[in-house]
Amino acid sequence: MLTIAVVCGAGIATSALIAEQVREHVTSRGHDAQVVQSTVMDLLSPDFTADLVVSTVELPAALGIPVVSGMPLLLGTSPDVTYSDIDRLLEQM
C-alpha cells in the first residue's frame, strides 16, 4: 500500500482538511493508498517514509519524495490541478 503524507506548517487543522479531500479522491479513483497527516519535522525524520507528499509549504527538493502542491485544495481555487498531479504520480508508482 502506498502512503501519501499531507503536510502543512503545523500539521494539524489544515492538513486534516486536505487529508480528507485527498483520501476521498484516491478512494474514488480506486487507488490503494494510506493518507496520513504529517509535519515538516516528520518528513525530516530518518524513520519517516512516504511515497508522495501533498504540501501547503515549500519543501526541499533533496527530500527525495515527489511533492504535489496542496494549496489549490486549501483555497478551493483549482483542486483538479492537485488531483491530476496526484493521479499522474500514483500511476507512475
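Visitor: In this predicted model, which residue forms a salt bridge with Asp87?
Guide: The model is predicted, not experimental in origin. Asp87 sits in helix α4 (residues 79-92), and its partner is in the loop between α1 and β2 (33-38), 58 residues apart, so the pair links distant parts of the chain. The closest N and O atoms are 3.2 Å apart, and the partner is Arg29.

Visitor: Is Asp87 buried or exposed?
Guide: Its partner Arg29 counts as exposed, at 53% relative accessibility. Asp87 has a relative accessible area of 10%. The cut-off for burial is under 20%, so Asp87 is buried.

Visitor: How many residues apart are Arg88 and Asp85 in helix α4?
Guide: Arg88 forms a salt bridge with Asp85, with 3.5 Å between the closest N and O atoms. Arg88 is partly exposed at 41% relative accessibility, and Asp85 is partly exposed at 26%. Both are in helix α4, separated by about one helical turn, and the spacing is 3 residues.

Visitor: What is the distance between the closest N and O atoms of Arg23 and Glu20?
Guide: Both residues lie in helix α1 (residues 13-28), 3 residues apart, about one turn of the helix. An α-helix has 3.6 residues a turn, so residues three or four places apart point the same way. Arg23 is partly exposed at 31%, as is Glu20 at 36%. Their closest N and O atoms are apart by 3.0 Å.

Visitor: How many salt bridges does the structure hold?
Guide: Among them are Asp87 with Arg29, and Arg88 with Asp85. Arg23 with Glu20 also forms one. The total is 3.

Visitor: How far apart are the end C-alpha atoms of α1?
Guide: Helix α1 has 16 residues, and at 1.5 Å a residue these should span 22 Å. The value from the model agrees with that expectation, at 23 Å.

Visitor: What arc do the buried residues of α1 cover around the axis?
Guide: The buried residues of α1 are Ser15, Ile18, Ala19, Val22, His25 and Val26. They are on the same side of α1, because the arc they cover is only 130°.

Visitor: Which elements do the buried residues of α1 pack against?
Guide: The face turned away from the buried side of α1 carries the exposed residues Ala13, Glu24, Thr27 and Ser28. The buried residues, which include Val22 and Val26, pack against β1 (2-7), β2, β3 (52-55), α3 (71-75) and α4.

Visitor: Which elements give two or more residues to the largest nonpolar core?
Guide: This core has 16 residues, and those with the most contacts inside it are Ile4, Val22, Val26, Val35, Leu52, Val54 and Ile86. Elements that give two or more residues to it are β1, α1, β2, β3 and α4.

Visitor: How many residues does the second, separate core have?
Guide: Nonpolar side chains tend to be buried together in soluble globular proteins. The second core is separate from the largest one and includes Ala5, Ala50, Leu59 and Ile65. Its number of residues is 8.

Visitor: What is the relative accessible area of Thr82?
Guide: Thr82 is found in helix α4. Leaving aside neighbours within four places in sequence, Thr82 is in contact with Val54, Val68, Ser69, Gly70, Pro72 and Leu73. Thr82 is buried, and its relative accessible area is 1%.

How values were computed. Residues are numbered from 1 along each chain as its sequence is written. This is a predicted model: local features need pLDDT of at least 70, side-chain atom pairs count only at pLDDT 80 or more; totals for chains, interfaces and linings use all residues. Side-chain values use heavy atoms; hydrogens and water are left out. A salt bridge is a side-chain nitrogen of Lys or Arg within 4 Å of a carboxyl oxygen of Asp or Glu. Helices (H or I, at least four residues) and strands (E, at least two) are DSSP runs, numbered from the N terminus. Buried means under 20% relative accessible area, exposed over 50%, partly exposed in between (1.4 Å probe, protein chains only). The expected span of a helix is 1.5 Å times one less than its number of residues. The arc is that of the directions from the helix axis to the C-beta atoms. Contact means heavy atoms within 4.5 Å. A nonpolar core is a set of buried Ala, Val, Leu, Ile, Met, Phe, Trp, Tyr and Cys residues joined through side-chain atoms within 4.5 Å.
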